[in-house]
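Here is a short report on one protein model. Keep the sequence and the coordinates open while reading.

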Amino acid sequence: MSKKTITALALALTMFAGAAQAAITDVAVNGDFETGDFTGWTLFPGSLGPAGQTIVAGNPGSAARLLETAPAANIIKQANLLPGEWTEGQLIEIQFDISGTAGAGGVLFAELFSELSGGGTSKAEILGGGPLFPDANPDVWTTYNFSGTVGPDSSGGITLQFNSACAPVEGCIADYRIDNVIITADIEGPVGPPISPRTSAIPTTSQWALIMLTMLLGLVVFTNRKRLF
Ligand SMILES: [Ca+2]
């Protein structure tokens, strides 16, 4: 490998690492509920009305509590995030913590929608493929991680929805607390804070650097071999 090649590789690596660091963004607004209210969230109360959507002790600080006891859907959304900024097939990583009590047909669904500008969706994903349940101990928080992709039309942005719902079963309870909602993507998101390093499944800058370096070195070795034989 010539000195020139090494310099070029180092330069490419530095530029790539810099770009990756700048672009991975948490686009959730008030995902940790630390404003102490539902700022950034769109609310669709269930059978209990606003009393079923409250701010309670979180993990840490504040969290959302969605309580449903009748056959109804109690919904909060990070709605219509960054319209026009997404591309089809783009990866979105989602993480959040839940705790609470669910029984007799009480469930929580986390859903990701690619929204059309005129209403409707081009893609709807139930994260995890079904309902999510809290730990049996209502004081224990469980962290969930999912990934989704952007649908063919996201002109109305991306929506992450939490739906605490009850089936028509006597004694049903869906009493969920939600905290630390993080929605990360490789996007120039003006709204969210920089990504929290504790959480994401997306490779960090240094991990990306290693991946790139490995690929580049492999390429150089392969090229040299071809020249030798
Ligand atoms: Ca919190």
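The sections below go from the whole chain to one sheet, one strand and the core.

## Model and confidence

This is a predicted model. The average pLDDT for the protein is 85. A score of at least 70 is reached by 72% of the residues.

Two stretches need care. Residues 18-22 stay under a pLDDT of 50, and the model gives them three contacts beyond four places in sequence. Residues 196-203 are also below 50, with 15 contacts in the model beyond near neighbours in sequence. Where pLDDT is low, the predicted coordinates should not be read in detail.

## Overall make-up

The protein has two helices and eleven strands. Along the sequence, the pattern is α-β-β-β-β-β-β-β-β-β-β-β-α. The chain counts 229 residues, and 32% of them are buried.

Contacts reach far along the chain. Of those with a separation of 6 or more, 78% join residues 24 or more positions apart.

## The five-stranded sheet

Five strands form an open sheet in the order E2-E5-E10-E7-E8, and the pairing is antiparallel. At the edges sit E2 (42-44) and E8 (121-126), each of which pairs on one side only. From one strand to the next, the twist averages 20°.

## Strand E7 and its partners

E7 covers residues 106-115 and is joined to E8 by five bridges, in antiparallel fashion. Glu-111 has Ile-126 as its bridge partner in E8. Glu-115 is bridged to Thr-121 of E8. The hairpin of E7 and E8 has five residues between the strands. Gly-119 in this hairpin takes a positive phi near 105°.

E10 (residues 158-166) also pairs with E7 in the antiparallel sense, through nine bridges. One of the bridge partners is Ile-158 of E10, which is matched with Ser-114. Is E7 largely enclosed or not, and why? Seven of its ten residues are buried, so E7 is largely enclosed by the rest of the structure.

## Val-107 and Leu-108

Val-107 lies in E7. Is Val-107 buried or partly exposed? The count of other C-beta atoms within 10 Å is 19, and a buried residue needs 20 or more, so Val-107 is partly exposed. Beyond four places in sequence, Val-107 touches Ala-102, Pro-131, Ala-165 and Ala-174. Ile-173 is 66 residues away along the chain, yet its C-alpha atom is 8.2 Å from that of Val-107.

Leu-108 has its own list of contacts outside the same sequence window. Among them are Ile-98, Ala-102, Pro-131, Leu-132 and Phe-162. Asn-163, Ser-164, Ala-174 and Tyr-176 are also touched by Leu-108.

## The nonpolar core

In soluble globular proteins, nonpolar side chains tend to be buried together. The largest nonpolar core here has 36 residues. Which residues have the most contacts inside it? They are Leu-66, Ile-92, Ile-94, Leu-108, Phe-162, Ile-178 and Ile-183.

Several strands supply this core. Two or more residues come from each of E4 (62-68), E5 (73-81), E6 (91-103), E7, E10 and E11 (173-186). E11 gives the most, with seven residues.

Technical notes
Residues numbered from 1 in each chain as written. Predicted model: local features only at pLDDT ≥ 70, side-chain atom pairs only at ≥ 80, totals over all residues. Pairing = 2+ DSSP bridges. Helix = DSSP H or I, 4+ residues; strand = E, 2+ residues; numbered from the N terminus. Axes fitted to C-alpha atoms, helices over the stretch in contact; angles between N-to-C directions. Buried ≥ 20, exposed ≤ 12 C-beta atoms within 10 Å, placed from the backbone. pLDDT = per-residue confidence, 0-100. Contact = placed C-beta atoms within 7 Å. Core = buried A, V, L, I, M, F, W, Y, C linked by C-beta atoms within 7 Å.
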